Amino acid sequence: MQELDLLHTFLEVHRAGSITAAAARLGVSQPSVSERIARLEGELGTPLFTRSARGATPTPAGDALAVRVAGPVDRLREVWVAPAPGPAETVRIGGASDVVASRVIPALAPLTGEGVSLAFTLGLAHDLLARLADGELDVVVSSVRTPVRGIRYRGLVDEEFVLVGAPALARTIDRKRLAAEPAGALQHLPLVAYDADLSIVRRYWRSQFGYRPANPVAVTVPDLRGVLAAVVAGIGISALPRYLAEPAIGAGTVEALHRSDEAPINTLHLAIRAADPPTPSTGRVIDALAERARDWDVF
């Protein structure tokens with residue numbers, strides 16, 4: 001099935017004369033089409049197209065392949081597109097609970113009506129990536145890109161982080177000192193942390209102030225929605241992705257405590273095993289996440 005998928009994609013590009021046009025006809029993203037063509041060229045050991053601003057021009061090898069495979073692939077398409085009913089293939093997906101709830105599930109929901117079963121495992125990135133490497137998961141959506149043997153990453157979306165606190169806590173900050181010495185002006189405020197390593201607030205402090213936070217930690221909760229709830233309740237301050245914090249800022253339940261010319265950015269990654277080609281359903285999950293990530297808020 002994987003080879004048929006590659007050949008079908010190749011024929012669509014050959015017939016359309018364009019990666020972009022073929023992607024539209026196939027209903028997948030342009031990077032996905034490019035990746036499939038690159039895989040087929042790698043397997044055959046020869047370039048099939050010459051890319052230019054005008055599109056994708058077949059090489060002699062590409063034209064020869066099209067002649068050889070067009071008839072057989074077209075005859076198989078009816079069976080390929082409408083397979084006999086069978087048990088749904090389960091794709092095992094790992095991610096942080098807040099990302100899965102707010103980003104991943106809405107992006108993948110349409111696939112469940114098309115014969116794809118989804119099983120989610122929630123947890124911290126390092127644990128999930130280890131399970132991916134061990135073959136216990138098929139895909140991990142990760143906020144970190146940890147070097148792990150056998151895993152490759154693909155960027156999905158850049159998230160901007162903002163430091164927020166409840167209005168009552170914001171009023172305790174010396175604004176003049178905040179402008180001159182922000183870390184010192186904030187040091188009396190307790191932190192709400194995502195994990196024991198203070199991974200998010202530590203990254204914010206180091207990128208903006210040059211060192212780790214010295215603030216006391218009031219609460220640790222491994223869910224960014226829980227972090228936001230604790231901040232709204234006035235327990236402490238924290239750094240959150242702007243897409244989560246912005247509604248609360250707009251409602252006045254939290255305030256942005258610090259502004260900079262260059263806000264810290266974190267990339268959300270898609271991680272898969274490098275050695276194992278994705279199954280058809282896993283490939284559809286990857287394509288759906290890459291496509292929907294284009295619509296996710298980027299600040």
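Y204, W205 and F209 come together as one aromatic cluster, and this report on a predicted model starts from that cluster and then follows the helix that carries its residues.

**Aromatic pairs**

Across the whole structure, a search finds 4 aromatic pairs. In one of them, F10 and F49 meet in a tilted arrangement, with 5.5 Å from centre to centre and 45 degrees between the planes. This pair ties together distant parts of the chain, since F10 belongs to helix α1 (residues 2–16) and F49 to strand β1 (residues 49–52), 39 residues apart. Are F10 and F49 buried or exposed? F10 has a relative accessible area of 0%, and because buried means under 20%, F10 is buried; F49, at 4% relative accessibility, counts as buried by the same cut-off.

Another pair is made by Y204 and F209, whose ring centres lie 6.2 Å apart and whose planes stand at 70 degrees; because an angle over 60 degrees counts as edge-to-face, that is the name given to this pair. Y204 is buried at 3% relative accessibility, and F209 is buried too, at 12%.

The two pairs are set out below.

| Pair | Centre to centre | Angle between planes | Arrangement |
|---|---|---|---|
| F10 and F49 | 5.5 Å | 45 degrees | tilted |
| Y204 and F209 | 6.2 Å | 70 degrees | edge-to-face |

**Helix α10 and its surroundings**

Helix α10 spans residues 199–209, and its buried residues are S199, I200, V201, Y204, W205, Q208 and F209, a list that takes in the three members of the aromatic cluster, Y204, W205 and F209. Which elements help to cover these buried residues of α10? Among them are β6, α9 (182–186), β7 (191–193), α11 and β9. Just after the helix, G210 takes a positive phi of about 95 degrees.

**Empty space beside α10**

The second largest pocket has a volume of about 440 Å³. Its lining is made of 27 residues, and those that lie nearest its centre are A125, S143, V144, Y194 and S199. Two or more lining residues come from each of α5, α6 (125–133), β5 (139–142), β6, α10 and β11 (265–273), and the largest share, 4 residues, is given by α10. By class, the lining of this second largest pocket holds 13 nonpolar, 7 polar and 7 charged residues.

The structure also has 2 cavities of 30 Å³ or more, and the largest cavity holds about 50 Å³ of space. Which residues line the largest cavity? They are F161, I200, R203, Y204, P264 and I265, and here too the largest share, 3 residues, comes from α10. The lining of the largest cavity divides into 5 nonpolar residues, no polar residue and 1 charged residue. Y204 therefore appears in several parts of this account, as a buried residue, as a partner of F209 in an edge-to-face pair, and as part of the lining of the largest cavity.

**Helix α12**

Helix α12 covers residues 242–251, and its buried residues are R242, Y243, L244, A245 and A248. These residues pack against α5 (97–108), β6 (151–165), α11 (224–232) and β9 (238–241). One of them, Y243, also has a charged neighbour, for R103 lies over the face of its ring, at 3.7 Å from the ring centre. Just after α12, G252 takes a positive phi of about 85 degrees.

Definitions and conventions
Residues are numbered from 1 along each chain as its sequence is written. This is a predicted model: local features need pLDDT of at least 70, side-chain atom pairs count only at pLDDT 80 or more; totals for chains, interfaces and linings use all residues. Side-chain values use heavy atoms; hydrogens and water are left out. Rings of Phe, Tyr and Trp (its six-membered ring) pair if their centres lie within 6.5 Å; planes under 30 degrees apart count as stacked, over 60 as edge-to-face and the rest as tilted. Buried means under 20% relative accessible area, exposed over 50%, partly exposed in between (1.4 Å probe, protein chains only). A charge sits over a ring if NZ of Lys or CZ of Arg is within 6 Å of the ring centre and within 35 degrees of the ring normal. Contact means heavy atoms within 4.5 Å. On a 1 Å grid over the protein atoms alone, a cavity is a set of points where a 1.4 Å probe fits but cannot get out, and a pocket is an open set with protein on both sides within 12 Å along at least five of seven lines; lining residues have an atom within 4 Å of a point. Grid points are joined across faces, edges and corners, and a volume is the space filled by probe spheres set on the points. Ala, Val, Leu, Ile, Met, Phe, Trp, Tyr, Cys and Pro count as nonpolar, Asp, Glu, Lys and Arg as charged, and the others, Gly among them, as polar.
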